[in-house]
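This briefing is addressed to a reader with the sequence and the coordinates at hand. Please consult the structure alongside the points below.

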Amino acid sequence: RMKVGLLAARAGGRRLLSARVAHALPRIHNPGAPGAARDAGAPSSLAGAWAARARELGLAPDGSQLAAVERLARYDAEASVPGQCALRPWAYLYGPVGSGKTLLLDTFAQHARDARRGGGAADNPSRVLRAHFHDFMITVHQELHALQARRPVRVRKTLSGLEVHEYGEPDGSSAIDTLAHVAKSIADARDVVCLDELHVTDLADALILSRLCQALLQHGVRLVFTSNQSPSKLFESGSNRTRYVGVLAALLRARCVPVKVGTEAGVDYRALAGMAAAAAPPSLLKPAPRTLAHRASGRFLAGKPGRSELEAEWVSAHAVAGGEQRASVPIAFSRSWSVARVTQNSNAARLHFSELCAADRGAADYLALAKQFETLFVEDVPALSRRTAEEARRLITLVDVCYDAQLRLVLHTLPPREQLFAALRDGEGRDAPAEGELSWMISRCMSRLSEMTHSPAPAASAAPESEPIDERAAWMRDQPALKK
């Protein structure tokens, strides 16, 4: 088991515990951060890189994680042979929440970069991409949109007066497969693409991803995924699942080496780390501003006392910043979001739950907030039930985005923490309890909130600058926020 020393009872034990968690948590998501770089004597094997990573973080991996590393190392050795086309060129890491999938993916991505250092143009670390699935798909949609916008359009009217848009080709030549064009641009820039949290809930994403993966397979691009679901359970609760996701699921089953991480009855290490951090002395939990490592050290505040605390922290934040203002946040596809309450230095924003989750918002909107601000204040989150299931899904997406971007989240809920999803998860009245996809989404959200809102402050490291979401692709640019 990954030993965090949760049972340390004496103050000295708690200080040792909190220092260890403080050192570990920020680097789980950022192997490329200062202090995580490999030197010339770095291990040459994935198993060696994982062992070094575990020692660096003060962790003792459990049996399922060690077995997963061995399986992934065998895959890496077989798929990396020059000139050899592996039958299963991709890998698919799956398992319950908090089992270590993201840490293993980050270690794999960093190992793949390290293996390419010192080579020529075709052998360099930038040819390995590590991105969150939401961010990756948004960039794919942007490229498709940009290609479509460059095509000449003719507008004509039908007999009933409706406008019909007819698109031609940019140079009048034969039709261009825009998705194949995007796949080639990815293959030209990347050899390995590591995608965290593969989660298909959108029909358009399912259709695009199926064809994109097939095209990347033809170009020889290696894909490594993480997910809470096995390939057979992707989009499990969606309508017409066989029609829209069947091809993708079959492709993943045929081409991916499945790597199970953790067990259903295993430990949720994020929650364990959050509990350990909660036991640390308060003096160790104060976040220093403007550092990426501290963005995960947020707060979970509940009820009237929580509102008072949120108000006090916001007053302190905008007093330091010199007041508050309204700001426009650029979003993908030339959209923008007018945020009413932003500190003058643009470090923090404050939004009501209804603005974030009751409105028609999605991952692209939340990613824009994560790229614009360092701290996000969210207030008045109600108890969520079947009647507010869509709002609950949006909240879960927001937490996913904040977690991956290491955005500091100050979350205020009207009910206590344990009652936030209780009516949705366990059922209420005639409503049945949440099952399948929604059930594990709730578990993952609570696991992440536990880590995000209890993490002690680690040693400071400078926050990398990230580019606006609308100025990406090419493919997806080597911005530090994506090179985790």
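The points that follow concern nonpolar cores, one helix, a surface patch and backbone angles.

This is a predicted model, in which local features need pLDDT of at least 70 and side-chain atom pairs count only at pLDDT 80 or more, while totals for chains, interfaces and linings use all residues. Residues are numbered from 1 along each chain as its sequence is written, and side-chain values use heavy atoms, with hydrogens and water left out.

**Nonpolar cores**

- The largest nonpolar core contains 49 residues, and Leu356, Leu376, Leu395 and Phe421 have the most contacts inside it. A nonpolar core is a set of buried Ala, Val, Leu, Ile, Met, Phe, Trp, Tyr and Cys residues joined through side-chain atoms within 4.5 Å. Buried denotes under 20% relative accessible area, exposed over 50%, and partly exposed in between (1.4 Å probe, protein chains only).
- Helix α13 (residues 389-405) supplies the largest share of this core, 9 residues. Helices (H or I, at least four residues) and strands (E, at least two) are DSSP runs numbered from the N terminus.
- Another core, of 35 residues, lies apart from the largest one and includes Ala206, Leu216, Leu248 and Leu251.
- Beyond its neighbours within four places in sequence, Phe421 is in contact (heavy atoms within 4.5 Å) with Leu384, Ala392, Leu395, Ile396, Ile442, Cys445 and Met446.

**Helix α4**

- Of the 15 residues of α4, 13 are buried, so the helix is largely enclosed by the rest of the structure.
- The end C-alpha atoms of α4 (residues 101-115) are 21 Å apart, in agreement with the expected 21 Å at 1.5 Å a residue. That expected span is 1.5 Å times one less than the number of residues.

**Strand β4 and the surface patch**

- Val153, Val155 and Tyr167 form a nonpolar surface patch with about 260 Å² of accessible area together. Patch members have over 30% relative accessible area and no salt bridge (a side-chain nitrogen of Lys or Arg within 4 Å of a carboxyl oxygen of Asp or Glu); nonpolar side chains are joined within 5 Å, like charges within 9 Å. Areas follow the Shrake-Rupley method with a 1.4 Å probe, counting only the protein chains shown as cover for residues.
- Tyr167 belongs to strand β4 (residues 163-167) and is partly exposed at 41% relative accessibility.
- His165, also in β4, is partly exposed at 45%.
- Outside its neighbours within four places in sequence, His165 contacts Val153, Arg154 and Val155; the C-alpha atoms of His165 and Arg154 are separated by 5.8 Å, at 11 residues apart along the chain.

**Positive phi angles**

- Most residues other than glycine have a negative phi.
- Glu197, in the loop between β5 (192-196) and α7 (203-219), has a positive phi of about 65° and is buried at 7% relative accessibility.
- Gln406, in the loop between α13 and β13 (408-413), has a positive phi near 55° and is buried at 4%.
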